[in-house]
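Me: I'd like to go through the charged pairs and the cysteines in this one. Can we take it one question at a time?

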Amino acid sequence: MLTLRQIEVARAVMVTGTIAGAARLLNVSAPGISRLMKYTEASLGIRLFDRRAGRLVPSEQARHVFEQINAVFDKVEDLRFVLERTQGGGGQELLIGSVPSISHVMVPRAIERVRAAYPHLVIDINILKLEEAIDYLLLGKGEVVAMSYRLDHPALTFEPLARGGLFCIVPLDHPLAARTSISADEIVRHPLIGIDPNDPYGRIMSDIFRARGLSYRITIRARFGSTVCSLVRAGLGIAVIDQFTIADDAFPGIRVLPIEEGPVFETWIAMKAGTALSMFAASFVRFLRQEMARPGQVALPGHASRQTVT
């Protein structure tokens, strides 16, 4: 077994690439680091590092070991955060999280209103993947998370936030750019850019095809909707995207086409079960809900006004 000290030293060597660098990082002597690493490798019976171009790099044999070491350090950082907040007491601050699709346009608009209402409030915003939201809330790192997907977790409470629509986006010089709408059947005839369909957010986009039994092929996968929009703007394909990512003409250079089937999806506010929101968090949720329901979000071809789904 590894002690926490051995884990700390091994990670320091991994991060710095040298014994001397690890010693400086941990403020200890280099010989002490070297002796502990030799002892650790001997007790484990595996070589942790290879020397390449004068630097120490994790060996292939120990690759999975270092994956777990990094996971341990993430949890240690979580523990440190909780202890510091407990010891220091809470100040007047708002700690919130959001998935990228909502954080790009909607969260800043809501925060603008929070700032106007509470000019001296310290605000901390974290952009989270869906799977990161659980620890964020349960460890007390934040009060609420704006989500594009409802997770099934007994320690979390979900409240409806807003309904959104899905749209097809194409480059301005694409043959489809002259259209005023498009069907799901037509979309799958073109090279698609999208989120991994196994990802909860990606599943929202792909469900329009799956529900209709349409075969589709994503030729370029990206992790976030903002990246998908940039790839479409570069002329690399077309995509299905949610209205909140492209609200307020956030990505000039793309054409937004309504999808004739009119697909919609739900967004949510997640919080730790059994907790009451602070007045600041409650205000943020109220403002965010209002902003996400506000008309005039998505610019459409051939329409004098903009369209939103509420």
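Me: Is Asp 185 buried, partly exposed or exposed?
Reply: Keep in mind that this is a predicted model. Asp 185 has 33% relative accessibility. Buried would need a value under 20% and exposed one over 50%, so Asp 185 counts as partly exposed.

Me: Which residue forms a salt bridge with Asp 185?
Reply: Side chains of opposite charge can pair when their charged atoms come close. Here the closest N and O atoms are 2.5 Å apart, and the cut-off is 4 Å. The partner has 60% relative accessibility and therefore counts as exposed. That partner of Asp 185 is Arg 189.

Me: How many residues apart are Asp 135 and Lys 75?
Reply: Their side chains meet in a salt bridge, at 2.6 Å from N to O. Asp 135 sits in helix H7 (residues 133–138) and Lys 75 in helix H4 (residues 63–88), so the pair links distant parts of the chain. The separation is 60 residues.

Me: And what does Lys 75 count as, buried, partly exposed or exposed?
Reply: Asp 135, at 30% relative accessibility, counts as partly exposed. For Lys 75 the value is 47%. Exposed takes over 50% and buried under 20%, so Lys 75 counts as partly exposed.

Me: Is Glu 291 buried or exposed?
Reply: Glu 291 meets Arg 294 in a salt bridge, 3.2 Å from N to O. Arg 294 has 33% relative accessibility and counts as partly exposed. Glu 291 has 9%, and under 20% is the cut-off, so Glu 291 counts as buried.

Me: Which residues are joined with Glu 291 and Arg 294 into one network?
Reply: Look for salt bridges that share partners. They join Glu 291 and Arg 294 into one network with Arg 109, Arg 113 and Asp 248.

Me: How many salt bridges does the count come to?
Reply: Each one needs a Lys or Arg side-chain nitrogen within 4 Å of an Asp or Glu carboxyl oxygen. Among them are the Arg 189 to Asp 185 pair and the Asp 135 to Lys 75 pair. By that rule the count comes to 16.

Me: Now the cysteines: why is Cys 168 not bonded to Cys 229?
Reply: Cys 168 counts as buried, at 0% relative accessibility, and Cys 229 counts as buried at 0% too. A disulfide takes two sulfur atoms within 2.5 Å. The sulfur of Cys 229 is the closest cysteine sulfur to that of Cys 168, yet it is too far for a bond, at 11 Å.

Me: So how many disulfides does the count come to?
Reply: A disulfide is a covalent bond between the sulfur atoms of two cysteines. Cys 229 is in no disulfide, with the nearest cysteine sulfur, that of Cys 168, 11 Å away. The count comes to 0.

Note on methods
Residues numbered from 1 in each chain as written. Predicted model: local features only at pLDDT ≥ 70, side-chain atom pairs only at ≥ 80, totals over all residues. Heavy atoms only, no water. Helix = DSSP H or I, 4+ residues; strand = E, 2+ residues; numbered from the N terminus. Buried < 20%, exposed > 50% of the residue type's maximum accessible area, 1.4 Å probe, protein only.
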